[in-house]
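Biologist: Please take a close look at the sheet in this model. Walk me through how it is put together and what sits around it.

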Amino acid sequence: GGEPWGIKLFVGRGATTLPSGEDEGFLLKQESIAGLSLFYEGEPWRARLSYTTLVLDSEPPLDELRGALEAVAPFWPQAPGYAADLRLDGTRVQYLNAGLAYDDSIWLIQGDVALLKAQSALAPSGKSAYLSVGRRFGALTGYALFGKARPDRAHIEPVLPPLPDPLRSQL
C-alpha cells in the first residue's frame, strides 16, 4: 500500500477541574475548540503537525483579590491593570506543535517543538522543544533527553504605590 499520510479535523468544547482553594476545585471551561492535525505514520518515521485554538469560558475564583485591587485604585493607579490581568473569560488560546520520530527497533529518536499563545497573565504562553535519543540493548533501553521551555512573558514586577516613610521602611 501507499504511505500512511492522514489528516484529522476536530471541533468541540471541554471542561477541566483544576485544584483551587475551593473544595470542589475550579471548573475551567473551553469553548470553540477547533483543530487540524496532519500526520505521517510510516516505518521507521512518524511525523505530526497540529494546530488547535480555543476560547476559555471561565473565571478563576479570584473575585476578592480583583475587588481589593480595584478598591485601592485611588491610591495605586496601576492596581486596576493588575486586577484585569487576573481574568481568563474570553481568552483565546492557540497551540502549534510539530513532532518527528524515528524508530528502527534499535535506535529511537524523537523531537518536538511547540508554540503556545494566550492573551492572559494567568494562561501560559511561550515556546518549548525537546529531543530524545535512545538505543535498545535487548530488553533494556538507554536514552538521553534534552528539553527547553521559554515563556513569552517575564514574571510580573508590580509597581508599588507611593507609601509614606514609616510604611515604605517596612517593605
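Modeller: Start with two terms. A helix here is a DSSP run of H or I with at least four residues, and a strand is a run of E with at least two. Both kinds are numbered from the N terminus. Keep in mind that this is a predicted model.

Now count the elements. The chain has three helices and seven strands. Read from the N terminus, the order is β-β-β-α-α-β-β-β-β-α. The C-alpha atoms fill a box of roughly 75 × 40 × 30 Å along the principal axes. The radius of gyration is 23 Å, well over the 16 Å that the globule rule gives for 171 residues, so the chain is more spread out than a compact globule. Buried residues are 25% of the 171 residues. Take the contacts with a separation of 6 or more: 51% of them join residues 24 or more positions apart.

On to the sheet itself. Strands of a sheet pair through backbone hydrogen bonds, and they can be parallel or antiparallel. Here the pairing is antiparallel, in an open sheet of seven strands. The order is β1-β2-β3-β4-β5-β6-β7. Which strands stand at the edges? They are β1 (5-18) and β7 (140-151). Each has a single partner strand, so one side of each is left without a neighbour in the sheet. From one strand to the next, the twist averages 15 degrees.

Follow the pairs across. β2 and β3 are antiparallel and share ten bridges. They form a hairpin, with three residues between the two strands. In this pair, Tyr40 stands opposite Ala47 of β3. Ala47 also has a partner on the next strand: it stands opposite Leu100 in β4. That takes us to β3 (residues 45-56) and β4 (residues 92-103), antiparallel and joined by eleven bridges. Another match in this pair is Tyr51 with Leu96 of β4.

Next come β4 and β5, antiparallel again, with eleven bridges. Asn97 has Ala114 of β5 as its bridge partner. These two strands also make a hairpin, with three residues between them. Within that hairpin, Ser105 takes a positive phi near 80 degrees. Then β5 meets β6 through ten bridges, and these strands run antiparallel as well. Gln110 faces Ser132 of β6 there.

Zoom in on one residue inside the sheet. Gly35 belongs to strand β2. Is it buried or exposed? Buried means under 20% relative accessible area. The value for Gly35 is 11%, so Gly35 counts as buried. Setting aside neighbours within four places in sequence, Gly35 touches Lys8, Leu9, Phe10, Tyr51 and Thr52. Look at Thr52: it is 17 residues from Gly35 in sequence, yet the two C-alpha atoms are 4.2 Å apart in space.

Now the nonpolar packing. The largest nonpolar core has nine residues: Phe26, Leu28, Ile33, Leu54, Leu56, Leu88, Val93, Ala118 and Ala123. β2 (26-41) and β3 each supply at least two residues of this core. The largest share, three residues, comes from β2. One core member, Ala123, contacts Leu88, Ala118 and Arg153, leaving aside neighbours within four places in sequence. Another core lies apart from this one. That second core has six residues, including Trp76, Ala79, Ala83 and Leu86.

Finish with a loop. Where is Ser120 found? Ser120 is in the loop between β5 (107-118) and β6 (126-137). Its relative accessible area is 7%, under the 20% limit, so Ser120 is buried. Its side chain reaches the backbone oxygen of Arg87 at 3.0 Å. Beyond neighbours within four places in sequence, Ser120 is in contact with Asp85, Arg87, Leu88, Thr91 and Arg153. Two of those names are familiar: Leu88 and Arg153 are also contacts of Ala123. Leu88 is a member of the nine-residue core too.

Note on methods: Residues numbered from 1 in each chain as written. Predicted model: local features only at pLDDT ≥ 70, side-chain atom pairs only at ≥ 80, totals over all residues. Heavy atoms only, no water. Buried < 20%, exposed > 50% of the residue type's maximum accessible area, 1.4 Å probe, protein only. Polar contact = N/O pair within 3.5 Å; in protein donor to acceptor, adjacent residues only side chain to side chain. Contact = heavy atoms within 4.5 Å. Pairing = 2+ DSSP bridges. Axes fitted to C-alpha atoms, helices over the stretch in contact; angles between N-to-C directions. Core = buried A, V, L, I, M, F, W, Y, C linked by side-chain atoms within 4.5 Å. Rg over C-alpha atoms; globule rule 2.2 N^0.38 Å.
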